[in-house]
Amino acid sequence: MRKWLAWMLLATQAGCLVGPDFVAPTPPRVSQYTRDPVLLDRMSDPDMSQQLLMGENPPARWWQLFGSPELDAAVTQALTRNPTLQAAVSNLLLAEDNLRAGGAVFYPRLDANMMAERTRSASLVQGSSAPDKVFSVATLSGAVSYAIDLFGEKRRTLEQLEAMVDVQQQLHHAAYLTLTANVVNAYIARAGYLSQISLVRQIIALEELQLEAIQARVDTGVAPLADLLSQASLLAGNQALLAQLTQRLYQIEHLLAQLQGEFPEQASLPELVLADLHLPSDIPVSLPSALVRRRPDILAAEARMHAASAAIGMSSAAQYPSLELTATYGVAARNLSQLTGPATSLWSFGPSLSAPLFNGGRLRAQRDAAVNAFEASQSEYQQTVLTAFEQVADALRALQADGHIVSAQSAAARYAYDTLLLQRASYSAGLSSYADMLLYEVQYRSAAIASLQATVQRYQDTVALLVASGGGWLDTASQRR
């Protein structure tokens with residue numbers, strides 16, 4: 001037995017590892033995300049000013065930058081109860097179980113066997129008059145077998161299983177990051193819809209007053225009927241807009257309920273308006289060289305490439321001979337009761353070697369397929385990296401444009417408000433009509449809606465940049481696991 005164990009150890013150490021050894025891709029050799037550096041303009045409103053902190057990674061709980069306890073509670077509930085995230089966790093545990101099961105191939109296999117049978121043997125000699133024999137036999141034996149991994153097929157298999165664990169881990173992180181982004185974006189959209197609905201209702205109320213004033217002027221013959229019809233058309237258009245906004249608000253609330261693992265009927269959502277959120281003034285942005293080590297979609301693509309590389313080694317090793325050592329020891333007797341008595345011992349020991357000689361080119365074709373799959377995974381990885389850099393660049397440019405849009409829309413709203421104040425003073429002095437003043441009331445609120453929409457877009461583009469930079473899943477995910 002000592003010689004057998006020494007031989008087994010020697011054969012294991014002598015085994016080689018065929019196929020390529022995986023090397024992680026090098027980060028892209030780019031120093032910035034856009035052709036020209038992105039600079040965010042200082043806003044006239046300090047609460048809307050932002051600056052980019054290049055080279056700093058987003059915090060673990062990046063959504064807390066928006067300074068809303070209600071938002072923090074919503075994200076926490078989603079992380080606890082969202083079924084998609086729970087499924088990602090289960091898939092990760094499944095991959096880890098498969099890895100533990102795959103690691104068992106490096107241990108000897110020990111089996112026990114007990115058999116009892118009654119047999120009738122026929123004479124094999126032609127013309128023999130010897131009668132057939134009927135006898136009983138019972139055996140109790142144990143067998144030890146160990147497959148020598150001469151060319152690394154089992155090691156490559158384990159390597160692939162480890163890579164698949166990495167894939168599921170990164171998919172779990174991606175689900176975590178996507179979920180938190182969806183919850184934050186949905187709450188921002190809901191707050192924007194609530195504020196916009198309030199402004200549209202104010203506009204409808206003013207337009208109804210305008211309609212009454214124009215109706216009185218039409219009745220007295222001061223104004224033509226066309227003015228009344230035009231005003232009625234504007235009112236109907238805004239009433240339709242209010243219905244559309246209300247529908248979108250309901251859809252966002254249903255989405256939030258689903259993200260938080262609840263049915264729409266059970267959802268209890270806070271009345272969060274945009275003023276309750278704080279726009280982050282400092283936005284950390286990962287460097288291009290660090291992005292590929294932070295984004296879970298990139299790391300998942302890299303892990304898939306690693307698994308495809310290991311598959312080349314597995315298919316390569318399948319073309320070489322395989323060696324297995326086995327040893328068996330047991331006892332045999334005429335019946336089960338005699339196994340513990342004076343039974344006959346039996347044993348066997350020896351290696352078995354098998355080698356593929358002809359298989360119609362199947363093994364070579366399988367290796368070629370593995371090579372092609374690896375090359376496809378390389379291209380998919382490169383595409384994932386390009387898409388990630390595109391998303392960061394888009395978010396940076398969007399924030400840059402948002403600064404100009406928000407400034408312009410805010411200025412338009414201020415000018416509309418100043419004009420409204422002048423019109424109110426003119427109406428109080430008897431220099432203009434009530435209908436004219438109502439018209440400027442509507443214009444101001446329309447400008448306020450446009451400014452609100454630009455502000456909502458800036459909030460959501462801020463979320464997009466934080467998420468595109470990899471979010472803060474690294475620290476948070478490690479704490480949760």
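Is Thr180 buried or exposed? Let's start there, and keep in mind that what you're looking at is a predicted model.

So, Thr180. You'll find Thr180 in helix H4, which covers residues 153–219. Its relative accessible area is 1%, and buried means under 20%, so Thr180 is buried. And what is Thr180 in contact with, once we leave aside the neighbours within four places in sequence? Trp62, Trp63, Val75 and Leu79.

Let's pick up Trp63 from that list. Trp63 sits in the loop that runs between strand E1 (51–54) and helix H2 (69–81). Being in a loop, is Trp63 buried or exposed? Buried again, with a relative accessibility of 1%. Set aside its neighbours within four places in sequence, and Trp63 has contacts with Leu71, Asp72, Val75, Leu79, Tyr176, Thr180 and Val184. You'll spot Val75 and Leu79 there, which are also contacts of Thr180. For a sense of distance, take Trp63 and Pro321: they are 258 residues apart along the chain, and their C-alpha atoms are separated by 56 Å.

Quick stop at helix H7, residues 296–317. How far apart are its end C-alpha atoms? They are 32 Å apart, and that agrees with the 32 Å you'd expect for 22 residues at 1.5 Å a residue. H7 is also mostly covered, with 18 of those 22 residues buried.

Now the charged pairs. In general, side chains of opposite charge can pair when their charged atoms come close. How many salt bridges does the count come to here? Eleven. I'll go through a few.

One of them is Arg190 with Glu253, where the closest N and O atoms are 3.1 Å apart. Arg190 is in helix H4 and Glu253 is in helix H5 (residues 225–259), so this pair ties together parts that are 63 residues apart in sequence. Both partners, Arg190 and Glu253, are buried.

Next, go to Glu441, which makes a salt bridge with Arg424 at 2.7 Å between the closest N and O atoms. Why does this pair tie separate parts together? Because Glu441 lies in helix H9 (residues 434–468) and Arg424 lies in helix H8 (residues 362–428), parts that are 17 residues apart in sequence. The two partners sit in different surroundings: Glu441 counts as buried at 7% relative accessibility, whereas Arg424 is partly exposed, at 29%.

Glu441 has a second salt bridge, to Arg445, at 2.6 Å from N to O. Arg445 and Glu441 are four residues apart in helix H9, so about one helical turn separates them. Arg445 is buried too, with a relative accessible area of 14%.

There's also a network to look at: Asp21, Arg156 and Glu159 are joined into one by salt bridges that share partners.

Last topic, the empty space. What is the volume of the largest pocket? About 380 Å³. Its lining is made up of 18 residues, and those nearest its centre are Asp45, Met48, Leu274, Ser451 and Thr455. Which elements give two or more residues to that lining? H8 and H9, the helices we just met through Glu441 and Arg424. By residue type, the lining divides into nine nonpolar, six polar and three charged.

That's my tour, so over to you for discussion.

Definitions and conventions:
Residues numbered from 1 in each chain as written. Predicted model: local features only at pLDDT ≥ 70, side-chain atom pairs only at ≥ 80, totals over all residues. Heavy atoms only, no water. Buried < 20%, exposed > 50% of the residue type's maximum accessible area, 1.4 Å probe, protein only. Contact = heavy atoms within 4.5 Å. Expected span 1.5 Å × (residues − 1). Salt bridge = Lys/Arg side-chain N within 4 Å of Asp/Glu carboxyl O. 1 Å grid on protein atoms, 1.4 Å probe; cavity = no way out; pocket = protein on both sides within 12 Å on 5 of 7 lines; lining within 4 Å. Points joined across faces, edges and corners; volume = space filled by probe spheres on them. Nonpolar A, V, L, I, M, F, W, Y, C, P; charged D, E, K, R; others polar.
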